[in-house]
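Here is a brief report on one protein model. It starts with the whole chain and then turns to one sheet.

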Amino acid sequence: MRKTFGATVACEDVSFGVRSGEIVALIGENGAGKSTCVKMLAGVHRPDGGTIRVGGVDVVLGDARVARAAGIAVVNQHPELFAELSVAENVFAGYALQKSGIVQRAEMERRAHALLTELGLDVDTSRPLAQLRVSERQLVEIARALAGDASVLVLDEPTAALTTTEAMHLFTVVRRLRDRGVAVLFVGHRLEEILALSDRVVVLRDGEVVGVRTTAGTDEDELVRLMVGRSLADIYSRQPTELGGVVLQLEGLGRRGVFEDISISVRAGEVVGLAGLVGSGRSEVARAVFGVEPADAGQIRIDGEPYRGRTPADAMAAGVAYVSEDRRGQSLVEEFSILDNAVLPVVDRATTAGLVDDDKTVRLVADPLQRMRLRFESVTQPASSLSGGNQQKVVLAKWLATNPRLLILDEPTQGVDIGAKAEVHRIIDELAQSGLAIVVISSDMPELIGSCDRIYVMNRGRIAAEFTGDEIDPIAIGRAATTSVEPTTAGEEPPAVEPGDALSGGRPSSVVTAVRARLAGRPELALAAALLLLIVPLSALNPNFYSVNNLQDVADYSSIVGLVCLGEMLVILTRNIDLSVASTVGLSAYVAAVLMRDVSGTPVVVAVLVGLAVGALCGALNGLLVGYGRIPSIVVTLGTLAMYRGLLSQISSGDRVKPGDVPGAWLDWSKASLGPVSTVNVVAVVLFLAAGFALSRTTFGRSVYLAGSNPAGAELLGVRTGRRVLAAFTLSGLLAGLAGATWASYYPYVDGQVAIGLEQAVIAAVVVGGVALRGGHGSVGGVAVGVVGLLALRKVLIVSGVPDQYLQAVYGASIIAAVTVDVLLNRRRLARTQRIR
């Protein structure tokens with residue numbers, strides 16, 4: 001295969017094969033062409049030349065759907081999954097089990113459970129994926145590949161975020177798939193994993209294949225020489241260092257429930273390692289020293305002086321620097337330039353009269369950046385454009401600009417290739433030579449052994465062992481990290497729970513547990529309780545709130561506004577927002593009312609349909625601009641809010657439709673009743689039930705959640721997110737049009753000011769109802785509770801005699817109070833879930 005991007009040749013004559021029942025590893029430095037090969041196999045990139053052959057048949061992988069149809073499944077380093085959807089829906093995402101468009105949820109859950117059990121994961125597949133560990137999510141994505149009958153499984157850096165134990169379990173699963181006849185391509189950079197798992201190794205360098213080796217016939221040193229042109233010994237080379245005084249001394253350091261009795265020391269020029277399983281407390285100790293999560297017991301000394309830093313600013317002032325394991329999330333602002341990132345900790349020293357001075361900035365960080373031997377075109381280019389290794393160098397340069405005495409590195413080479421790893425360790429060695437005290441936290445055993453003078457091993461929140469010089473042995477370190485120790489405060493067993501409470505390990509074992517689990521998945525009930533806690537006491541101020549007429553008024557107004565909220569929910573589910581809904585309601589109401597007034601004999605149903613058409617056109621225009629024009633929805637709908645309202649002002653021109661201007665039939669249809677229930681209530685209930693069914697049970701509804709939860713992942717599964725966005729906006733406009741026509745009938749004074757400002761109440765009701773602005777999460781039930789609860793709250797404030805000038809302020813404060821109670825209830829529920837995990 002051959003692939004170029006402009007003048008850059010990413011791959012040149014790359015040729016290799018993967019047989020059925022074989023694991024082939026693809027390795028190389030960052031930039032060697034691994035990712036390009038993976039993306040060509042996934043259908044993301046189309047080769048400029050060459051052939052891809054699956055099962056002896058040449059295929060043209062035009063997009064991700066074609067690749068999946070050809071039997072190629074790609075499991076990415078960062079799984080393209082949907083956190084808010086159930087485990088079963090993630091397994092069958094893109095090809096849900098359905099009949100006539102109706103999702104067969106029970107069958108999906110049953111088959112997903114069978115697939116995951118086969119992979120060694122026993123979970124309740126009706127649970128949200130967000131409640132699973134990272135390693136469990138990797139297995140869910142592999143199960144998706146099996147559900148699609150994949151014959152070729154591509155694993156792209158699957159162990160980057162896994163512990164050693166989790167990686168070993170993944171390898172067992174991969175071997176099992178190989179034995180079933182699946183062809184596996186494993187892309188990685190941890191050579192010990194490559195040699196332990198694969199049958200053959202394909203090595204790329206500068207976009208070309210430089211060697212193919214059988215695993216039995218090669219070793220780490222040969223593979224490193226093929227990749228980077230140097231031996232493995234060069235990666236972790238250390239020069240003898242003359243050690244100085246003790247820089248960091250921890251004495252009995254503890255944080256309740258996390259770690260305890262931590263006593264370690266680090267001298268100037270010394271590199272000290274912290275080993276242990278993920279969750280053993282290694283990173284938490286580092287964060288305590290840096291003041292992110294301060295300790296509550298013991299003492300820290302810096303250069304012999306007591307230090308009690310409660311914030312990172314305190315730590316920096318004491319000469320402590322900390323490189324987080326989460327490079328992208330906590331150490332870099334990827335949109336910022338290299339220069340802006342490098343100066344962040346010392347930006348106050350780069351200012352003149354409070355303004356950032358470019359010359360001072362360059363002087364402050366030029367030397368640290370130069371020491372990193374950073375590869376870049378310009379210091380003004382964004383950090384996101386750099387490779388993982390160069391990003392890590394920027395992070396190191398950033399902290400060196402603070403002139404620290406102590407440098408704490410948490411997983412310093414995670415996610416970087418072997419060449420970048422060598423560069424990072426060269427930097428660590430140079431810094432130690434200069435007298436810096438360094439702590440290295442790593443899950444990479446060769447890294448710890450090759451770079452550290454001493455290694456402390458943590459196990460369940462305590463120091464389990466210390467190794468120095470010739471005592472450092474990988475087997476002894478592994479034994480100390482995994483051998484059971486007597487439970488302590490930091491490592492107490494979690495409280496006993498019912499089997500059904502756990503996220504793995506079977507189904508609920510009792511009716512009480514089953515009910516509790518079901519209620520935990522219905523956050524709208526907590527919201528309803530929070531709103532009632534406000535409404536009931538306030539309503540006691542004026543019992544007239546409970547009069548039939550008052551309650552009917554609340555129900556009718558909630559029904560009309562609820563239609564608009566339902567449409568807004570659809571839009572927000574797709575990770576967008578519609579600020580123009582109130583303008584659409586007003587325009588639809590006025591057009592429908594004028595039609596009934598000016599065109600004699602117009603049937604009521606025709607006026608309603610015209611209102612629907614006006615709303616649908618407004619929504620469709622929004623959807624086209626957002627879904628296909630790729631213009632941010634807040635920009636589009638802010639513009640159309642003014643445009644539709646301006647159009648209404650233009651055509652109404654001060655005109656007002658009054659009750660005497662329209663036929664009685666037009667005024668009566670919205671106020672008709674079926675027993676004690678009005679027509680608008682019936683229409684709203686029917687539409688809410690239909691929307692609830694469609695969103696939860698139909699393939700279209702679930703695809704809307706897919707498109708909002710993870711747009712890029714949805715596209716890879718063949719979900720046309722643009723279409724879903726267009727459909728959501730169009731339906732939102734349609735519902736706003738229906739609300740407008742209903743409004744013009746129910747509140748018959750119609751002019752250019754109809755529904756002005758309504759969008760605030762609509763968005764508040766939807767968001768308070770639990771629909772997440774990030775997209776992909778929310779329920780029709782939550783929206784119903786939100787709209788009825790907030791409008792009832794507003795009504796009770798009016799009935800209670802709150803003066804008009806204070807009404808908005810009190811209403812807003814009440815909303816905040818209700819949401820606060822809801823958040824606290826949900827926080828307790830999530831905390832309980834974490835204890836179970």
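The text below covers overall figures, then a sheet and a helix beside it.

**Overall figures**

This is a predicted model. The protein has 837 residues, and 51% of them count as buried. Its secondary structure comprises 31 helices and 26 strands. Look next at contacts between residues at least 6 apart in sequence: 72% of these join residues at least 24 apart. The accessible surface is about 35,800 Å². Carbon and sulfur atoms account for 56% of that surface.

**A six-stranded sheet**

One sheet is open and holds six strands. Their order is β6-β9-β10-β3-β11-β12, and the pairing is mixed. Which strands form the edges? They are β6 and β12, and each pairs on one side only. Neighbouring strands here are turned by 20 degrees against each other on average, with direction ignored. In general, strands of a sheet pair through backbone hydrogen bonds, either parallel or antiparallel.

Strands β9 and β10 give a parallel example. Five bridges join them. Within this pair, Val154 stands opposite Leu185 of β10.

Four of the strands have these residue ranges:

| Strand | Residues |
|---|---|
| β6 | 72–75 |
| β9 | 152–156 |
| β10 | 183–187 |
| β12 | 208–214 |

**The helix on the sheet**

Helix α5 spans residues 134–147 and packs on this sheet. What does α5 touch there? The helix touches β6 and β9. The direction of α5 makes about 175 degrees with that of β6. Strand β6 is thus an edge strand and also a contact of α5.

Notes
Residues numbered from 1 in each chain as written. Predicted model: local features only at pLDDT ≥ 70, side-chain atom pairs only at ≥ 80, totals over all residues. Heavy atoms only, no water. Helix = DSSP H or I, 4+ residues; strand = E, 2+ residues; numbered from the N terminus. Buried < 20%, exposed > 50% of the residue type's maximum accessible area, 1.4 Å probe, protein only. Contact = heavy atoms within 4.5 Å. Areas by Shrake-Rupley, 256 points an atom, 1.4 Å probe, with all protein chains shown as cover. Pairing = 2+ DSSP bridges. Axes fitted to C-alpha atoms, helices over the stretch in contact; angles between N-to-C directions.
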